[in-house]
Amino acid sequence: MNTGIFVTIGICGAVLLVYSLVERKVNQRPCPGCKFRVSKDAIDERCPKCGAFL
């Protein structure tokens, strides 16, 4: 019974990790100046880290 719980936790963790990596790749773009990842839907067209225009 304990192994089933550990397997379930491991599978759920792996699914969440894969989802977060795909979400980051699909919905964010890098800043051309500092490579900071910014949302594609950002209303403000400046990088929050370096202030460069996107």
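**Figure 1. Lysine 35, out in the open.** Lysine 35 counts as exposed here, because its relative accessibility is 58% and anything over 50% goes in that class. Keep in mind as you look around that this is a predicted model. Where along the chain does lysine 35 sit? Its place is in the loop that links strand E1 (28-30) to strand E2. Now check the backbone: the phi angle of lysine 35 is near 65°, so we have a positive value in a residue that isn't glycine. That catches the eye because most residues other than glycine have a negative phi.

**Figure 2. Stepping back to the whole chain.** How many helices and strands does the protein have? Count one helix and two strands, and reading along the sequence gives you the pattern α-β-β. With a radius of gyration of 17 Å, the protein is well over the 10 Å that the globule rule gives for 54 residues, so it is more spread out than a compact globule. You can also put a ruler along the principal axes: the C-alpha trace spans about 55 × 20 × 10 Å. Buried residues make up 6% of the 54 residues.

**Figure 3. How confident is the predictor?** Averaged over the protein, pLDDT comes to 88, and 98% of the residues reach 70 or more. Which element has the highest confidence, and which the lowest? Helix H1 takes the top spot with a mean of 94, while strand E2 (residues 37-39) is at the bottom with a mean of 86. Why bother checking this at all? Where pLDDT is low, the predicted coordinates should not be read in detail.

**Figure 4. A nonpolar patch on the surface.** Zoom in on Ile5, Phe6 and Ile9, which form a nonpolar patch on the surface. Together, these three have about 340 Å² of accessible area. Let's pick out one of them: isoleucine 9 belongs to helix H1, which runs over residues 2-27. Is isoleucine 9 buried or exposed? The answer is exposed, because its relative accessibility is 55%.

**Figure 5. Two isoleucines of helix H1 and their far-off partners.** Start again from isoleucine 9 and look for alanine 52: from C-alpha to C-alpha they are 41 Å apart in space, with their positions 43 residues apart in sequence. Next comes isoleucine 11, which also lies in helix H1. Isoleucine 11 is exposed, because its relative accessible area is 52%. Measure from isoleucine 11 to serine 39 and you get 28 Å, C-alpha to C-alpha; in sequence, these two are 28 residues apart.

**Figure 6. Cysteines without a bridge.** How many disulfides does the structure hold? Zero. Take cysteine 31, which is in no disulfide. The nearest cysteine sulfur belongs to cysteine 50, and it is 3.7 Å away. A disulfide needs the two sulfur atoms to be within 2.5 Å, so this pair doesn't make the cut. Cysteine 31 is buried, because its relative accessible area is 0%. For cysteine 12, the label is partly exposed, because its relative accessibility is 45%.

**Figure 7. Lysine 49, after the second strand.** Follow the chain past E2 and you'll find lysine 49 in the segment that comes after that strand. Lysine 49 counts as exposed, because its relative accessibility is 60%. How many residues lie between the positions of lysine 49 and arginine 37 in sequence, and what is their spacing in space? They are 12 residues apart in sequence, and 9.6 Å apart from C-alpha to C-alpha.

Key. Residues are numbered from 1 along each chain as its sequence is written. This is a predicted model: local features need pLDDT of at least 70, side-chain atom pairs count only at pLDDT 80 or more; totals for chains, interfaces and linings use all residues. Side-chain values use heavy atoms; hydrogens and water are left out. Patches are made of residues with over 30% relative accessible area and no salt bridge: like charges are joined within 9 Å, nonpolar side chains (Val, Leu, Ile, Met, Phe, Trp, Tyr) within 5 Å. Accessible areas come from the Shrake-Rupley method with a 1.4 Å probe; for residues, only the protein chains shown count as cover. A salt bridge is a side-chain nitrogen of Lys or Arg within 4 Å of a carboxyl oxygen of Asp or Glu. Helices (H or I, at least four residues) and strands (E, at least two) are DSSP runs, numbered from the N terminus. Buried means under 20% relative accessible area, exposed over 50%, partly exposed in between (1.4 Å probe, protein chains only). pLDDT is the predictor's confidence in each residue, from 0 to 100. The radius of gyration is taken over C-alpha atoms; the globule rule is 2.2 Å times the number of residues to the power 0.38.
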